[in-house]
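Trainee: I'd like to learn how to read a model like this one. Could you walk me through it?

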Amino acid sequence: MRRSPADTERSARSISRRGLFLGGVQMTFAGLLIGRMRFMQVDQADEYRMLADENRINIRLIPPARGLVYDRKGVLLAGNEQNYRIVMVREDAGDPEEIIARLAHLVALDPEETADAVKEMKRRSPFVPVTVADRITWEDFAEVAVNAPALPGVTPEVGLSRIYPLDSDLAHILGYVGPVSDYDLSRLDDQDPLLQIPRFQIGKSGVEAKLERSLRGSAGTRQIEVNAVGRVMRELGRQEGDAGQNVQLTINHSLQNYVQQRLAGESAAAVVMDTVTGDILAIGSAPTFDPNKFVHGISLADYKALNEDPYRPLYNKSAAGLYPPGSTFKMVTALAALEDDLIDLDETVTCNGYTELHNRRFHCWKRGGHGKVNLVKSLRESCDVYYYDLAQRAGIERISAMGRKLGLGEKHDLPLSGIARGLMPTKSWKLESGKGEWVVGDSLNASIGQGFVLASPLQLAVMTARIASGTAIEPRLVRAIDGVETPIKGNVPLEGIDPENLAAVRRGMYEVVNGQRGTAGRSKVVAEGLRMAGKTGTSQVRNITKAERARGVTSNADLPWERRDHALFVCYAPHDNPRIAVSVVVEHGGGGSTAAAPIGRDILLQAHYDGLPPLSAYPSSQRGTIRSQQNNLDLRAPVEPSEGRDRV
Amino acid sequence: MSYLEYNVKFVPTGLRKVLYINWVLVILLTSVAGLGFLMLYSVAGGSMDPWAGAQMKRFALGMSLMFIIAMVPIWFWRNMAVLAFGASLILLLLVDLVGVTGMGAQRWIDLGFMRLQPSELTKITLVMVLAAYYDWLDVSKVSRPLWVLLPLAMILVPTAMVLRQPDLGTSILLVAGGGAMMFLAGVNLFYFIAVIAAGVGLVTAVLVSKGTEWQILKDYQYRRIDTFLDPASDPLGAGYHITQSKITLGSGGWTGKGFMQGTQSRLSFLPEKHTDFIFTTLAEEFGFLGAASLLAMYLLIIIFCVVTALQNRDRFSSLLTLGIATTFFLFFAVNMSMVMGLAPVVGVPLPMVSYGGSAMLVLLVGFGLVQSAHVHKARQK
């Protein structure tokens, strides 16, 4: 193409003009970009920098080691054990199924668990470690570690999990821990971020649940840098949390073991309490269960078996079980009447075998009657008619008030699950609960611990300790938390009870065991300075019908188990300087003197000697039987106190 | 150049041409590419693999191409313009038939040793063919409707093909680049006013058609527009790119977090960190100073092109140089606007820095043409 110079000049000028213009536009736009850049990078830099930090810094929680629980001697009751498990990272494993198949050649794997693990791995990000096998043995752990090169993505790991070294002995006291559930979250109103950790273990019952705040500790934090998909790149900072506080209980582990063994085979409960300090030395509830099973995750079959057992092993009968206290309640009625001078210490009541009230007969357990009965005799021989008389003089309000003074009908503040309040009935209570007007007959039933009166073995132990010591002593289960001792409470004389009256009741209780015709005469202690005082009780589970009485069906052995009487016994020793109080309830055990009193004596002696008592403490005629009974007990070998928390 | 001018002017020949290559431009391009290698090294976590090394080889190849093209007289390239344009149209057609799909769009032809993106090539060949057209066309006819329609077709045919892939970024660059060429050639301003008015109408149509049967753009393109207008509406979804991009850029501050210290890109919060969003990594690690320096180098390249174009009496050379400069400008202007949240995310790489062979090769071929125009410009004796 050829053009004239003028044409070229003109076109060049046009291009120059427009080129310059376009260049100018471009420069202006570049200026805009620079301005925008400056605005974002200089003026707004701080804001964006903060956003960038939020992006990359993630806080992860470090679960604290749970506080340990010791007995009064420093023996470990609840500890943390190293728990070996195998975790797997999908992206490192390549084909998880293939690797798991290889792993199965080395260690025994639960196919169900591994199938779940594979599912979990597919669902989660490829770099998230997933547990393939939990609680493997050290040998398996080592096996996997040695073969690591052949198992890409597989890592053996060590974690902490709860262990109860005395397994079933303290199941009802300690309770157990388990993974936090949605139900727990809704129930607890607890903002602790630790609860958001999947499968974080918290106390589910007993001391573990009640002292959860102390035992749990506080979370440590780990600041980690993560990338956009959440992969951990590196750790930026670490702040260790506080391990849970250690708890020392007042329980004596060897006595506890003895109590559980002594109660074994029965559906029974027993509480041992120090009458001076209020320390609970043992709380037995039989049958029991192994709390370790709950920590590992109990199988449905095992749980069903525990749940459907008529002896109710999961239930803490000592604190949660309520029983009509029967004749063990007679001290309360006696003290109520004595306190307001409604009867003299020596005044007698004649027992003909029954009391007639509004054409209804209230029977004494002794058909023929006790004849003339004073206070001591009424306790020794457990005459019912004497108390029917007292009930009519004192009335239910006085009796119930006395019961409350002695610790009945009150929820004692112990870190146990399901502590029952029991019942000290009053007129207004009956009316309010829609059972109608209070009648004198109700008072008569209440006076011998039947009818509406309900108490737990724990309350009966407190009652016995208060009668024995004359103080308003409160039970204490926690001796110290984190080294800080729990104060003893109620170590002051009982208000509004004349010490003389108490002494008289105590004399009666001494006679029960040591006197002629004492109902617990067969459960005597002959060791000098260790004479025991006590009171038997036999409480009816249902009323004996007239027809039955006529037929003569009064023997417990003729009845099915669940309709037999409860056997009760409360006792303390030494009688002249009380230190230890015991209460025993054998569900449907029959008579208190035969079923409960021997157990109470054995436990009391065991507590006093802190070990198997010498046979010389028993009456000579019984020593042979006691020896074989002692030999038959499956007691735990002595456990040495641990050196503190370093064991973890 | 008319033969009359041979008396007073000369054009370098033979090996002497090497002396007339603009070495400042070479240094600028190398500096920009060098910055790119640094960033690619950084976003790979301090490794030549997988990006920096490959990018260097392509740069070496591109530079060689540039020198070869610069040595060839510019009039040869003018004669080749139509052929090149035709070839790129055929390649675009091939993409439709045998192209490889990537990122939801069909853009590449796999040549075995590299993936060729014909749409990139078209950006340069369109400029070439328009420059040649206006060089051939009588100046007085430039604004006549018939002679306006012809270049308009040249622009819209490849644009339509690219849009079908779909590649919105390249389409915008083609239309804007082609429009700039027509503007430079002296087409009457009324045409532009009319086109802008039509453009506004088109945008309205695009927005109105959303959700109807005759919807013009793909859903993901609408999503990008929506999230551009309000990135906060979907911070973890489609707005994520824009939000993270702005965080990356803004958190750099004056001097940046330091080389290889950028948390956003190193931790993959930043999407497409080695391609379209690489500018934000630069801004994060080297701060405002680093980002402004890159922009300054880009502007120096533009200024050089404008200066040499204005000095050149050859109409084809001038138009070509200005056209390539404008294309280059559009690349970085759109890319930077995009990562700063000033424009929707349309997928335009940062020239000479973003990882990607086709774009870099094509740009260096373009600058080869600029150098050729510069070398073969008539100079005073």
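Trainee: Let's start with the contact between the chains. How many residues does each chain put into it?

Mentor: Keep in mind that this is a predicted model. The contact takes 41 residues from chain A and 44 from chain B. People often give the size of an interface as the accessible area lost when the parts come together, but here we'll go by residues.

Trainee: Which helix of chain B supplies the largest share of the side that touches chain A?

Mentor: That's α12(B), with eleven residues. Helices that each supply at least two residues to that side include α5 (118–136), α7 (168–185) and α13 (315–339) of chain B. By residue type, the side of chain B that touches chain A divides into 27 nonpolar, 13 polar and four charged.

Trainee: And how do I read a nonpolar core?

Mentor: In soluble globular proteins, nonpolar side chains tend to be buried together. In this model the largest nonpolar core has 128 residues, and A:Leu77, A:Ala270 and A:Val584 are among those with the most contacts inside it. Helix α17 (residues 384–405) of chain A gives the largest share, ten residues.

Trainee: Why does that core lie between two domains?

Mentor: Because domain 1 (50–75 + 166–249) and domain 3 (253–302 + 315–632) of chain A both give residues to it. Another core, of 108 residues, lies apart from it, and includes B:Met336 and B:Tyr355.

Trainee: Can we zoom in on one core residue? What is A:Val584 in contact with, leaving aside its neighbours within four places in sequence?

Mentor: Its partners include A:Ala268 and A:Ala270, then A:Leu568 and A:Phe569, and also A:Ala596 and A:Ile599.

Trainee: A:Leu568 and A:Phe569 are in a strand, right? How many residues of β20(A) are buried?

Mentor: Eight of eight, for the strand covering residues 566–573 of chain A. Look at the two faces in turn: A:His566, A:Leu568, A:Val570 and A:Tyr572 are on one side, with A:Ala567, A:Phe569, A:Cys571 and A:Ala573 on the other, and all are buried.

Trainee: Which strands does β20(A) pair with?

Mentor: Take them one at a time. Strand β19 (residues 533–539) of chain A is antiparallel to β20(A), joined by seven bridges. To find the register, pick a bridge: A:Ser539 partners A:His566. Strand β21 (residues 580–586) of chain A also pairs with β20(A) in the antiparallel sense, over seven bridges, and there A:Tyr572 stands opposite A:Ala581. β20(A) and β21(A) form a hairpin, with six residues between them.

Trainee: What should I look at in that loop?

Mentor: Try the prolines. A:Pro574 sits in the loop between β20 and β21 of chain A, and the peptide bond leading into it from A:Ala573 is cis, with omega near -15°. A:Pro578 is in the loop too.

Trainee: Is A:Pro578 buried or exposed?

Mentor: Buried: the cut-off is 20 or more other C-beta atoms within 10 Å, and A:Pro578 has 22 such neighbours. Beyond four places in sequence, its contacts include A:Thr275, A:Ala468 and A:Tyr572. Its C-alpha atom is 8.9 Å from that of A:Met532, 46 residues away along the chain.

Trainee: How do I spot unusual backbone geometry?

Mentor: Most residues other than glycine have a negative phi, and most peptide bonds are trans. Chain B has a cis bond between B:Asp49 and B:Pro50, with omega about 0°. That proline lies in the loop between α2 (23–43) and α3 (52–71) of chain B. For positive phi, see A:Arg517, near 60°, and A:His588, about 50°.

Trainee: Where are those two residues found?

Mentor: A:Arg517 is in the loop between α21 (499–514) and β19 of chain A, and is exposed, with 11 other C-beta atoms within 10 Å. A:His588 is in the loop between β21 and α23 (592–609) of chain A, and is buried, with 21 C-beta neighbours inside 10 Å.

Trainee: Last one: which element of chain A has the lowest mean pLDDT, and which the highest?

Mentor: Helix α22 (residues 546–551) has the lowest, 60, and helix α20 (residues 457–469) the highest, 96. Chain A averages 87, and 93% of its residues score at least 70. Over residues 644–648 of chain A the pLDDT is below 50. Where pLDDT is low, the predicted coordinates should not be read in detail.

Notes: Residues are numbered from 1 along each chain as its sequence is written. Chains are lettered from A and ligands numbered from 1 in the order in which they are written. This is a predicted model: local features need pLDDT of at least 70, side-chain atom pairs count only at pLDDT 80 or more; totals for chains, interfaces and linings use all residues. A nonpolar core is a set of buried Ala, Val, Leu, Ile, Met, Phe, Trp, Tyr and Cys residues joined through C-beta atoms within 7 Å. A residue is buried if 20 or more other C-beta atoms lie within 10 Å of its own, exposed if 12 or fewer, and partly exposed in between; C-beta atoms are placed from the backbone. Helices (H or I, at least four residues) and strands (E, at least two) are DSSP runs, numbered from the N terminus. Domain bounds come from an automatic or database domain assignment. Two residues are in contact if their C-beta atoms, placed from the backbone, lie within 7 Å. Ala, Val, Leu, Ile, Met, Phe, Trp, Tyr, Cys and Pro count as nonpolar, Asp, Glu, Lys and Arg as charged, and the others, Gly among them, as polar. Two strands pair if DSSP finds at least two bridges between them. pLDDT is the predictor's confidence in each residue, from 0 to 100.
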